[in-house]
Amino acid sequence: TTVVNANVADGYVIVKAGSQILAFEQLTEEQVRFFRKRRVPRAVNVTKEFTPTNTDLEVTFVVPSLNVNDRKVFPHQNFQPGVAHTLTVAFDPQSKRVELHLN
(Lines give C-alpha, C1' and ligand atoms only; values in the text may rest on other atoms or scores of the structure.)
Protein backbone atom coordinates (compact mmCIF):
# COMPACT_ATOMS: atom_id res chain seq x y z
CA THR A 1 0.00 0.00 0.00
CA THR A 2 1.28 3.46 -0.90
CA VAL A 3 -0.12 6.51 0.90
CA VAL A 4 0.94 10.04 -0.11
CA ASN A 5 0.29 13.12 2.02
CA ALA A 6 1.11 16.11 -0.16
CA ASN A 7 -0.79 19.32 -0.77
CA VAL A 8 0.72 20.45 -4.08
CA ALA A 9 -0.57 21.82 -7.39
CA ASP A 10 1.29 19.37 -9.63
CA GLY A 11 3.60 16.38 -9.57
CA TYR A 12 3.66 12.61 -9.36
CA VAL A 13 5.04 9.68 -7.41
CA ILE A 14 6.51 6.41 -8.77
CA VAL A 15 7.10 3.34 -6.61
CA LYS A 16 9.03 0.39 -8.06
CA ALA A 17 10.03 -2.94 -6.55
CA GLY A 18 12.80 -4.23 -8.78
CA SER A 19 11.41 -3.92 -12.29
CA GLN A 20 7.74 -3.96 -11.23
CA ILE A 21 5.95 -0.61 -11.05
CA LEU A 22 3.74 -0.67 -7.96
CA ALA A 23 2.40 2.88 -8.21
CA PHE A 24 2.55 5.69 -10.76
CA GLU A 25 0.14 8.30 -9.47
CA GLN A 26 -0.48 11.97 -10.20
CA LEU A 27 -0.72 14.14 -7.07
CA THR A 28 -3.46 16.34 -8.55
CA GLU A 29 -6.70 16.02 -10.45
CA GLU A 30 -8.55 18.39 -12.76
CA GLN A 31 -11.84 19.82 -11.65
CA VAL A 32 -14.17 21.53 -14.09
CA ARG A 33 -16.54 24.16 -12.79
CA PHE A 34 -18.35 26.74 -14.90
CA PHE A 35 -16.18 26.05 -17.96
CA ARG A 36 -12.98 26.48 -15.97
CA LYS A 37 -10.44 23.79 -15.37
CA ARG A 38 -8.15 23.84 -12.40
CA ARG A 39 -5.83 21.40 -10.70
CA VAL A 40 -6.51 20.49 -7.10
CA PRO A 41 -4.53 18.21 -4.77
CA ARG A 42 -5.87 14.70 -4.33
CA ALA A 43 -5.39 12.01 -1.74
CA VAL A 44 -3.30 9.11 -3.03
CA ASN A 45 -3.86 5.67 -1.52
CA VAL A 46 -2.89 2.77 -3.81
CA THR A 47 -2.71 -0.94 -3.04
CA LYS A 48 -1.16 -3.43 -5.43
CA GLU A 49 -0.17 -7.05 -4.99
CA PHE A 50 3.07 -8.26 -6.51
CA THR A 51 5.27 -11.32 -6.57
CA PRO A 52 7.07 -11.80 -3.23
CA THR A 53 10.78 -11.25 -3.72
CA ASN A 54 13.98 -9.89 -2.22
CA THR A 55 14.62 -6.65 -4.12
CA ASP A 56 15.26 -2.93 -3.87
CA LEU A 57 12.31 -0.57 -3.38
CA GLU A 58 12.70 2.69 -5.33
CA VAL A 59 10.56 5.78 -4.68
CA THR A 60 10.61 8.82 -6.97
CA PHE A 61 8.74 11.96 -5.89
CA VAL A 62 8.55 14.89 -8.34
CA VAL A 63 6.94 18.34 -7.98
CA PRO A 64 8.05 20.49 -10.97
CA SER A 65 6.56 23.77 -9.74
CA LEU A 66 8.68 23.63 -6.55
CA ASN A 67 11.79 22.16 -8.25
CA VAL A 68 11.57 19.01 -6.14
CA ASN A 69 12.92 15.79 -7.62
CA ASP A 70 13.59 13.30 -4.83
CA ARG A 71 14.60 9.67 -5.35
CA LYS A 72 15.22 7.20 -2.55
CA VAL A 73 16.14 3.52 -2.70
CA PHE A 74 15.44 1.11 0.14
CA PRO A 75 18.05 -1.59 -0.58
CA HIS A 76 17.48 -5.33 -0.22
CA GLN A 77 13.89 -5.37 1.02
CA ASN A 78 12.56 -8.88 1.68
CA PHE A 79 8.88 -9.00 0.72
CA GLN A 80 7.39 -12.19 2.15
CA PRO A 81 4.17 -13.77 0.83
CA GLY A 82 1.06 -12.85 2.80
CA VAL A 83 2.62 -9.80 4.49
CA ALA A 84 1.20 -6.31 3.93
CA HIS A 85 3.67 -3.41 3.78
CA THR A 86 2.77 0.27 3.87
CA LEU A 87 4.85 3.05 2.34
CA THR A 88 3.95 6.51 3.63
CA VAL A 89 5.22 9.57 1.74
CA ALA A 90 4.85 12.95 3.47
CA PHE A 91 5.81 16.22 1.79
CA ASP A 92 6.19 19.64 3.38
CA PRO A 93 5.95 22.36 0.68
CA GLN A 94 7.44 25.04 2.97
CA SER A 95 10.75 23.26 3.57
CA LYS A 96 10.55 21.12 0.37
CA ARG A 97 11.28 18.06 2.46
CA VAL A 98 10.11 14.56 1.57
CA GLU A 99 9.79 11.97 4.35
CA LEU A 100 9.43 8.27 3.56
CA HIS A 101 8.41 5.56 6.03
CA LEU A 102 8.21 1.87 5.15
CA ASN A 103 6.75 -0.68 7.53
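Two strands count as paired here if DSSP finds at least two bridges between them. Keep that cut-off in mind for the first stop. The model on screen is predicted.

**Stop 1: the hairpin**

Select residues 87–92, strand 9, and residues 97–102, strand 10. Six bridges join them, in the antiparallel sense. The cut-off is at least two bridges, so they count as a pair. Zoom in on Asp92. Across from Asp92, in strand 10, stands Arg97. Now show the turn. Four residues sit between the two strands of this hairpin. Which turn residue has a positive phi? Pick Lys96: its phi is about 60°.

**Stop 2: the open sheet**

Move to the sheet of four strands. Colour them in the order 3-2-7-8. The sheet is open, and its pairing is antiparallel. Which strands stand at the edges? Select 20–26 for strand 3 and 68–78 for strand 8. Each has a single partner strand, so one side of each lacks a neighbour in the sheet. Step across the sheet from strand to strand: the twist averages 10°.

Stay with strand 3 and add strand 2, residues 12–17. The two run antiparallel and share six bridges. Label Ala17 and look for its bridge partner: Gln20, in strand 3.

**Stop 3: a ring pair between strands 2 and 3**

Turn on the aromatic side chains. The whole structure holds three aromatic pairs. Start with Tyr12 and Phe24. Their ring centres lie 5.7 Å apart. Their planes meet at 70°, so the pair is edge-to-face; the cut-off for that label is over 60 degrees. Tyr12 belongs to strand 2 and Phe24 to strand 3, and 12 residues separate them along the chain.

Switch on a surface. Are these rings buried or exposed? Tyr12 is partly exposed, at 26% relative accessibility. Phe24 is also partly exposed, at 49%.

**Stop 4: a ring pair between loops**

Select Phe50 and Phe79, another edge-to-face pair. The distance is 5.2 Å centre to centre, with 75° between the planes. Where do the two residues sit? Phe50 is in the loop between strand 6 (44–46) and strand 7 (54–63). Phe79 is in the loop between strand 8 and strand 9. The pair therefore ties together parts 29 residues apart in sequence.

Check the surface again. Phe50 has a relative accessible area of 24%, so it counts as partly exposed. Phe79 has 7% and is buried; the cut-off for buried is under 20%.

Notes:
Residues numbered from 1 in each chain as written. Predicted model: local features only at pLDDT ≥ 70, side-chain atom pairs only at ≥ 80, totals over all residues. Heavy atoms only, no water. Axes fitted to C-alpha atoms, helices over the stretch in contact; angles between N-to-C directions. Phe/Tyr/Trp six-rings, centres within 6.5 Å; stacked < 30°, edge-to-face > 60°. Buried < 20%, exposed > 50% of the residue type's maximum accessible area, 1.4 Å probe, protein only.
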